[in-house]
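Hello,

Here is the structure for your files. My notes follow below it.

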Amino acid sequence: MNKNKRSSSQPASLAITLLIALIGSACSPGTPPESDTAEAARTGDRITADIIVSGDYVVTMDAAGTVLENASVVITEGLIIAIGANDEINAKYSARTLLVGKHRVVMPGLINGHSHAAMTLLRGVADDLALMDWLTNYIFPAEIEFVDADFVRIGTELACWEMIRGGTTTFVDMYYYPDIIAEVVESCGMRALVSATVIDQRSPDAEDAADSIDKGLKFIDRWKNRSDRITPIFGPHAIYTLNAEQLAATRAAANDAGVAISIHMSESPFELQYSKDTFGTTSIDFFESIGFLDGPTIGAHVVWPTEKEISILAERNVGVIHNPTSNMKLASGIAPVTAMLAAGIRIGLGTDSAASNNDLDMWEEMRLASFLQKVEQMDPQVLSAKTVLNMATRGGAEAIGLGETIGGLQVGMKADVIQVSLDDVHHIPTFDVVSHLVYVTDEQDVLSVIVAGKLLMHDRKMLTIDTVRVAQEARDLGARIQSALARRNQ
Ligand SMILES: [Zn+2]
């Protein structure tokens with residue numbers, strides 16, 4: 001229940017509001033909250049919208065970086081239809097659902113540009129290892145043994161729960177069983193680019209590269225234009241798990257199907273060396289030489305680009321996703337984010353998987369992205385709070401090719417909106433809201449999450465995921481994985 005709601009001082013009205021809020025708090029997943037309907041009923045000649053969400057600050061993330069004070073965002077049929085000062089909005093609009101209260105920030109939902117959502121179930125299975133040791137000796141074998149459709153369903157739902165709780169509204173996923181991922185995204189209400197993974201080894205859902213391309217095309221066919229919130233794409237894994245012909249074939253298939261590609265790119269010193277040994281040059285240079293960047297591309301990591309490769313990325317309009325936590329944990333290196341931004345490259349942020357992070361907290365990614373560049377360059381002025389907030393929202397949307405429709409609060413954009421509370425002690429006092437969002441806020445400060453105009457979390461209550469069921473399923477599966485690992489290690 002929203003204690004700080006702008007409620008009437010009349011006792012009868014308050015009683016009705018409380019009663020409705022109590023009924024609302026008992027609603028089952030999928031039932032829209034009905035609190036605030038008492039206020040919404042007093043419409044008069046105002047236009048009735050679906051949701052009005054208000055805050056002390058509305059951080060629009062528009063091109064000018066406008067922050068409105070005491071303002072509201074009006075949402076109808078999945079779109080933002082108005083933004084303005086509370087008085088103006090209240091004079092013109094009423095809504096079925098009001099998200100109001102003091103000490104609130106309204107901003108665009110966060111965009112996690114690189115994830116392997118279902119790997120929440122492998123969180124903590126193997127830590128403190130280098131990328132290739134971790135991948136080939138722990139993760140790939142564990143995936144062959146444990147990953148099936150059920151694993152992906154439970155792990156993805158667990159990830160969506162964690163992401164919604166933390167204010168993430170869109171993610172770009174790369175994992176196996178993409179149909180299952182898309183189904184989970186569909187049911188939990190988030191927005192996602194779901195990759196069909198292409199890898200030239202036996203994986204949980206394919207035999208080799210050709211098989212995964214074939215299955216990927218069928219997946220894309222099934223999901224293209226099926227849901228406004230789900231974009232199927234191709235996810236060739238990396239330069240070291242595919243050969244030149246397979247990479248080129250994936251690009252050709254993606255272009256034929258009219259979809260983008262997401263790929264791990266220039267991630268680690270291992271990849272750099274592998275590419276030089278195998279292809280005679282570094283990975284991005286090689287990608288360019290075979291025409292692999294000839295189409296919409298999202299490059300995850302990009303830690304080790306040469307100067308020439310930074311120019312190639314800018315020229316080819318490749319969207320780059322920076323994953324500071326994963327890069328730090330696997331000691332992959334420090335991406336030259338400042339240089340890439342200066343070259344005009346569109347850069348977003350990502351968590352990578354919960355097995356290399358080990359959480360899906362985009363607030364932490366923002367903070368670490370900023371701090372990592374500052375210490376790497378020994379310059380506290382680089383990657384300001386404003387710059388990284390942009391990378392987590394508008395810049396991220398641009399990097400994944402959705403800059404026209406999400407990532408900002410502007411009339412006509414899709415209503416992917418979150419409301420953050422400044423009630424916690426770590427926000428008192430707040431002098432600069434952008435500073436607080438980047439350097440202070442954590443997942444628990446997120447109050448409500450809206451995607452495509454639909455509430456997925458309301459006053460921290462999850463509406464589209466049965467958290468009790470998912471938690472139980474994840475615990476059960478975790479116990480099975482643990483006993484299998486124990487048997488293997490005997
Ligand atoms: Zn990854």
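What is the site of the zinc ion like, judged by the angles among its four donor atoms? The site is irregular, with angles of 86 to 171°; four donors would count as tetrahedral if all angles lay between 85 and 135 degrees, or as square planar if opposite donors were over 155 degrees apart and all others between 65 and 115. The coordinating atoms are NE2 of His114, His116 and His264 and OD of Asp352, at 2.1 to 2.3 Å. Donors here are N, O and S atoms within 2.8 Å of the metal (3.2 Å for Na, K and Ca), and water is not among the atoms, so sites may look incomplete.

This is a predicted model: local features need pLDDT of at least 70 and side-chain atom pairs 80 or more, while totals for chains, interfaces and linings use all residues. Residues are numbered from 1 along each chain as its sequence is written, and side-chain values use heavy atoms, without hydrogens and water.

Along the chain, the zinc donors are spaced H-x1-H-x147-H-x87-D. His264 is in strand E10 (residues 261-265) and Asp352 in the loop between strand E13 (347-349) and helix H14 (362-377), so this pair ties together parts 88 residues apart in sequence. Helices (H or I, at least four residues) and strands (E, at least two) are DSSP runs, numbered from the N terminus.

Two backbone items:

- Asn357 and Asn358 are joined by a cis peptide bond, omega about 5°; Asn358 is in the loop between E13 and H14.
- The peptide bond from Ile428 to Pro429 is also cis, with omega near -5°.

Regards

Technical notes
Tetrahedral: all angles 85-135°; square planar, octahedral: opposite > 155°, others 65-115°.
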